[in-house]
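Here's a quick tour of a protein model, written for someone who would rather be at the bench. Have the sequence and the 3D view open as you read.

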Amino acid sequence: MGNEKFYEKDALLKVLFMPIRDRLSICVGSTMVEVKEKEGFLFVIFLTPGGKIELKCTAKRMAVTLWEVELLDQEIQEILLRISFFLRRNEIQVLTIRKSAETNHLSEYLENNCKALLLASYGKEIWYELRVMEFIFKAQQQKF
């Protein structure tokens with residue numbers, strides 16, 4: 001992940017992260033958002049009663065590095081759609097997800113519902129790349 005900044009922190013909070021926080025609040029209860037800048041990255045952490053979700057952002061990439069919250073498939077899809085629309089608008093083609101015990105709930109959802117939309121890279125860690133445009137298209141087809 002490069003370390004170019006693509007964000008205006010306040011605008012990102014308003015447009016992307018607060019709506020996700022609001023959705024999580026409805027699904028699992030009171031949710032807080034913590035935003036930190038570190039070494040050229042923007043880390044966004046959603047703190048919920050059911051655990052945390054952490055995003056790592058740069059100018060050209062966004063990655064999910066932690067997803068402890070258990071949500072229904074529909075709720076996961078809604079959160080991923082909001083992120084996907086934002087990424088598409090900023091010409092970012094994929095959402096990166098680290099496959100690990102810390103992202104097990106999200107990884108299982110992706111493997112069960114979006115396997116054809118995933119690219120996987122293997123090394124010390126396994127990373128999935130969710131193709132944003134195809135995810136949006138699939139979600140829209142399911143709704144109509």
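What follows goes through helix packing, two loop residues, the cysteines and one alanine.

## Ground rules

This is a predicted model, so to speak: local features need pLDDT of at least 70, side-chain atom pairs count only at pLDDT 80 or more, and totals for chains, interfaces and linings use all residues. Residues are numbered from 1 along each chain as its sequence is written, and side-chain values use heavy atoms, with hydrogens and water left out.

Helices (H or I, at least four residues) and strands (E, at least two) are DSSP runs, numbered from the N terminus. Buried means under 20% relative accessible area, exposed over 50%, and partly exposed in between (1.4 Å probe, protein chains only).

## Helix H2 on its own

Let's start with H2, which runs over 73-89. Its 17 residues should span 24 Å at 1.5 Å a residue, and the end C-alpha atoms are indeed 24 Å apart. The expected span here is 1.5 Å times one less than the number of residues.

Plenty of H2 side chains are tucked away: Ile-76, Ile-79, Leu-80, Ile-83, Phe-86 and Leu-87 are among the buried ones, and so are Glu-75, Gln-77 and Ser-84. As a reminder, an α-helix has 3.6 residues a turn, so residues three or four places apart point the same way.

## H2 and its partners

How do H1 and H2 run relative to each other? The axes of H1 (residues 9-28) and H2 come within 10 Å and cross at roughly 175 degrees, which makes the pair roughly antiparallel. Axes are lines fitted to C-alpha atoms, for helices over the stretch in contact, and angles run from 0 to 180 degrees between N-to-C directions. Angles under 35 degrees count as roughly parallel, over 145 as roughly antiparallel, 65 to 115 as roughly perpendicular and the rest as oblique. On the H1 side, the residues in contact (heavy atoms within 4.5 Å) include Leu-12, Leu-16 and Cys-27, and on the H2 side they include Ile-79, Ile-83 and Phe-86. By class, this contact has ten nonpolar, no polar and five charged residues. Ala, Val, Leu, Ile, Met, Phe, Trp, Tyr, Cys and Pro count as nonpolar, Asp, Glu, Lys and Arg as charged, and the others, Gly among them, as polar.

H3 (residues 104-113) packs on H2 at about 95 degrees, with the axes 11 Å apart, so these two are roughly perpendicular. Asp-73, Ile-76, Gln-77 and Leu-80 of H2 meet His-105, Leu-106, Tyr-109, Leu-110 and Asn-113 of H3. That set divides into five nonpolar, three polar and one charged.

## Two glutamates with positive phi

Glu-91 follows H2 and sits in the loop before strand E5 (94-99). Its phi is positive, about 60 degrees, although it is not a glycine. Glu-91 is exposed, at 68% relative accessible area.

Glu-39 also has a positive phi, about 50 degrees, without being a glycine. You'll find Glu-39 in the loop between strand E1 (32-38) and strand E2 (41-48), exposed at 64%.

## Cysteines and an alanine

How many disulfides are there? With a disulfide taken as a pair of cysteine sulfur atoms within 2.5 Å, the count is zero. The sulfur nearest to that of Cys-27 belongs to Cys-114, 17 Å away. Cys-27 is partly exposed at 22%, whereas Cys-114 is buried at 1%.

Lastly, Ala-63 is in strand E4 (residues 62-67) and is buried, with 1% relative accessibility. Ala-63 and Ala-101 are 38 residues apart in sequence and 16 Å apart in space, C-alpha to C-alpha.
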